[in-house]
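Here is a short tour of one protein chain, written for a reader who likes to have the coordinates open while reading. Please keep the viewer at hand.

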Amino acid sequence: QVQLVESGGGLVPPGGSLRLSCAASGRFFVIYTMSWYRQALGKERELVATISTIGSPNYADSVKGRFTISRDNAKDTVYLQMNSLKPEDTAVYYCNSESRRPGTLDRDNSWGQGTQVTVSS
């Protein structure tokens, strides 16, 4: 019901910055929580940051003070500003949303296809 498309990944040296974007489209009445997850090679997917409908953020301890999550509800888009990047931030970053279908109380949990972030000199 909801399609999420991420963009903004790439190769950046340690200490650099990147900004990820994730745009939602499709049929939904409202999008509730939007989140960023990441999965490094050989590791489990982990939550990086999440933001509520009203913009209240939460972060994993490993990214606090370096990453900032934000959203533009008018554009159904969530962002992840990543500063002071470290090699251990290297991973595929996935966007996730929880939304409500039109005319029902049913909810969908949706994932994007992922975008690669590589931090290396």
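The sections below go from the whole chain to its core and then to a few single residues.

## Overall build

The model shown is a predicted one. Its chain holds eleven strands and zero helices, so the order of elements from the N terminus on is simply β-β-β-β-β-β-β-β-β-β-β.

What radius of gyration does the chain have? The value is 14 Å, which agrees with the figure near 14 Å that a compact globule of 121 residues would have. The C-alpha trace spans about 50 × 25 × 20 Å along its principal axes. As for contacts with a separation of 6 or more, 55% of those in the chain join residues 24 or more positions apart.

## Surface and charge

Of the 121 residues, 39% count as buried. The chain has an accessible surface of about 6400 Å², and carbon and sulfur atoms account for 49% of that area.

On the charge side, there are 13 positive and 11 negative charges in the chain. Their mean positions lie 3 Å apart.

## The nonpolar core

In soluble globular proteins, nonpolar side chains tend to be buried together. Here, the largest nonpolar core has 26 residues. Those with the most contacts inside this core are Trp 36, Val 48, Phe 67, Val 78, Leu 80, Met 82 and Tyr 93. Several strands each supply at least two residues of the core, among them strand 1, strand 4 (30-39), strand 5 (46-51) and strand 9 (91-100). Which strand gives the largest share? That is strand 3, with four residues.

Met 82 makes a good place to zoom in. Setting aside residues up to four places away in sequence, Met 82 touches Gly 16, Ser 17, Leu 18 and Leu 20. The list of its contacts also includes Arg 66, Phe 67, Tyr 93 and Val 117. Two of these partners, Phe 67 and Tyr 93, are also named among the core residues with the most contacts.

## Val 5 in strand 1

Val 5 sits in strand 1, which covers residues 2-7. Is this residue buried, partly exposed or exposed? With a relative accessible area of 48%, Val 5 is partly exposed, because that class lies between the 20% and 50% cut-offs.

Beyond its neighbours within four places in sequence, Val 5 is in contact with Ser 21, Cys 22, Ala 23 and Gln 113. Glu 44 makes a useful distance check: it is 39 residues from Val 5 in sequence, and the two C-alpha atoms are 21 Å apart in space.

## Three loop residues

Most residues other than glycine have a negative phi. Against that background, two loop residues are worth a look. Asp 76, in the loop between strand 7 and strand 8, has a positive phi near 50°. Ser 84, in the loop between strand 8 and strand 9, has a positive phi near 50°. Asp 76 counts as partly exposed, at 26% relative accessibility; Ser 84 counts as partly exposed too, at 40%.

The third residue, Lys 43, belongs to the loop between strand 4 and strand 5. Its relative accessibility is 59%, which means that Lys 43 counts as exposed. How far apart in space are Lys 43 and Ala 91, C-alpha to C-alpha? They are 9.4 Å apart, although 48 residues separate them in sequence.

Conventions. Residues numbered from 1 in each chain as written. Predicted model: local features only at pLDDT ≥ 70, side-chain atom pairs only at ≥ 80, totals over all residues. Heavy atoms only, no water. Rg over C-alpha atoms; globule rule 2.2 N^0.38 Å. Buried < 20%, exposed > 50% of the residue type's maximum accessible area, 1.4 Å probe, protein only. Contact = heavy atoms within 4.5 Å. Areas by Shrake-Rupley, 256 points an atom, 1.4 Å probe, with all protein chains shown as cover. Lys, Arg positive; Asp, Glu negative; His and termini not counted. Charge placed at Lys NZ, Arg CZ, Asp CG, Glu CD. Core = buried A, V, L, I, M, F, W, Y, C linked by side-chain atoms within 4.5 Å.
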